[in-house]
Amino acid sequence: MMGDTVLDTDKTFCSILMDVMERHGVKEVVCSPGSRNAPLLIAAAARKSLHCNVVVDERSAAFMALGIAMVSRRPVALICTSGTALLNYGPAVAEAYYQSVPLIVVSADRPEQWIDQDDSQTLRQYEALANYVKKSYQLPSWGNDDRELQWYANRIANDAMIEATSRRRGPVHINVRLGEPLGRKVERTTLFPRVIEMITADTISDIREIKNLAKKVAESKVMLVAGFMPPDNRLRRSVEELERLPNFVVMGETLSNLNVGRFDTAVDNVLTAYSEKELDEMAPDVVISVGGSLVSRKLKEYLRRNSPKCEHWSVGWNHTTTDCFMSLTKRIETDPALFFRKIVGIAKRYYASSGLNETECYSRMWMEMRRSAVESKNEVFEKRHRGEWCELSALKTLFDRLPAECNLFLSNGTAVRYAQILSESFPHASYCNRGVSGIDGSVSTAIGGAKAYKRMTVVVTGDMSMAYDVGSLALPDIPDATRIVVIDNRGGGIFRFIPTTSGLPEREEYFCTRPNLPMPYLAEGYGWDYVEVTDSTGLEAALNSFFKPGRKKIMRVVCDGERSAELLKEYMNIKV
């Protein structure tokens, strides 16, 4: 949406910041003169709804802003120039912190490269007030015309306003680095920027709010995207109910542990089986996300590509404003199972009363696309790869034979990605260290999990991840019901698969780097039963006893890494 044309600063970040603060309810700005903060002052003055109070002394300015915010109970912005001006805000900001008053401190700063270079007013401003603000933010001096960085500036501004005005309210600090020239103006059509709304558990208890959200769900094409989560039967039952709506589709990754439908985990399968045009025609109006980060790069790319057409609701307890798909509009801080249970009943009534509409086939169309994609890929696999020994055939056999009651732990790299495309039946629960996606500690984490679970725990890891965590084999009191599968593809197999490194001549020496991993001797030395397989016949024979009760066991599955990567790229329609 667009508004009037105004004479504004040419620093786009400053305009975005003022627009978002204005939309979040800032009415009063207390500012002090300076040259470095000229773009911020120009932007504030250009917005007629912002009342600017000019106070020369920053210490007095900050206390004046504190008083306005205390009485009005609204967030108030403070704007200062670079240097010690910011430090003069300290006493008032500390008072605001302990009185839970939302001051929005905006400081102009020099470009990054000039800090500590004996230029004037170049002290370290970022986090200078860290002990007395809820959160510190920073915007760079470059990238004003870059779309992704403009999205970043919008997200930073929204998160700062949410942080200042939510839960226990308080001050925040936004440090804006600005390069010369500083006083330029441009004609700019005022925009109505994206505002990320914070909806708390208290708000959800308001029946009017929940009805509005449910009505939006009933009237839209909705896609639920689920990242990693522990198993939650309450949430699973709520999602099962939502999935019965004709306009609702679930993209639940293997690690989401939702397990609500056979094809719901076929995320990468479907996104690599159809053209961008076909997929974009099926883009949702509303994306609702739950859980942690996604494994699927394809799903993230798909939703980002379609971000102008859809809005995103993030449901759950988040430590910050997470806008992975670049379209976040609602940050809903509440228990997802409870939220969905409230939504589904009302949405059903809205849908029933409105009659059939254009979204009625949305769920069925996605179901057919995913079914077709999985069956097509399985057909290709059966015709071309079933008889060929590779990671794809080995892991398909392994995942098909997993005991239903086991907990599955996956290492990062190819193991978790194979599980994403090959798992059609579900174990008791699936886990992976996807919080930061490191390859270290995968086996130790799984053994810790095994100590907390009475039944079998199965670990699937690569030889590189195993080498990183070889000390895990010596951990104390490892349960006998622990099984480790090491996919030995002579190093970091993911580097033969991802486009960034797969074509590099340095790939094998500098990236894949085959580890020296004497698995038979390690297993014997640490008291594990050991079996090694090098073909499909050997794998089938080994699996006959591998999951039976007995001592803890390790299976080493040796495959040709290069050929396996070629077949995986073919299976996933990836062209390098």
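Let me start with R73, which counts as exposed because its relative accessibility is 65%, and the cut-off for exposed is over 50%. What we have on the screen is a predicted model. R73 sits in the loop between helix 3, residues 58-72, and strand 4, residues 76-80. Its phi is near 60°, which is a positive value in a residue other than glycine.

N259 is another case of this kind. It is not a glycine, and its phi is positive, about 50°. You will find N259 in the loop between strand 11, residues 248-252, and helix 9, residues 267-271. Is N259 buried or exposed? Neither word fits: its relative accessible area is 25%, so it is partly exposed. Buried would need a value under 20%.

Now to helix 5. This helix covers residues 147-165, which makes 19 residues. How far apart should its ends be? At 1.5 Å a residue the expected span is 27 Å, and the end C-alpha atoms are 27 Å apart, so the two agree. At the N-terminal end, D146 acts as a cap: one of its side-chain oxygens lies 3.0 Å from the backbone nitrogen of E148. After the helix comes R167, with a positive phi near 50°.

Further along there is a loop between strand 7, residues 172-177, and strand 8, residues 185-191, and P181 is in it. The peptide bond leading from E180 into P181 is cis, and its omega is near 0°.

Next, the sheet. Strands of a sheet pair through backbone hydrogen bonds, and the pairing can be parallel or antiparallel. Here we have an open sheet of six strands with parallel pairing, and the order across it is 16-15-17-18-20-19. Which strands are at the edges? They are strand 16, residues 429-432, and strand 19, residues 529-533, and each of them pairs on one side only. From one strand to the next, the twist averages 15°.

Take one pair from this sheet. Strand 17, residues 457-462, runs parallel to strand 18, residues 482-488, and six bridges join them. Within that pair, V460 stands opposite V485 of strand 18. Packed on the sheet is helix 16, residues 442-451, which touches strand 15, residues 407-410, as well as strand 17 and strand 18. The direction of helix 16 makes about 180° with that of strand 17.

Key:
Residues are numbered from 1 along each chain as its sequence is written. This is a predicted model: local features need pLDDT of at least 70, side-chain atom pairs count only at pLDDT 80 or more; totals for chains, interfaces and linings use all residues. Side-chain values use heavy atoms; hydrogens and water are left out. Helices (H or I, at least four residues) and strands (E, at least two) are DSSP runs, numbered from the N terminus. The expected span of a helix is 1.5 Å times one less than its number of residues. A polar contact is a pair of N or O atoms within 3.5 Å; within protein, one must be able to donate a hydrogen and the other to accept it, and residues adjacent in sequence count only if both atoms are side-chain atoms. Two strands pair if DSSP finds at least two bridges between them. Axes are lines fitted to C-alpha atoms, for helices over the stretch in contact, and angles run from 0 to 180 degrees between N-to-C directions. Contact means heavy atoms within 4.5 Å. Buried means under 20% relative accessible area, exposed over 50%, partly exposed in between (1.4 Å probe, protein chains only).
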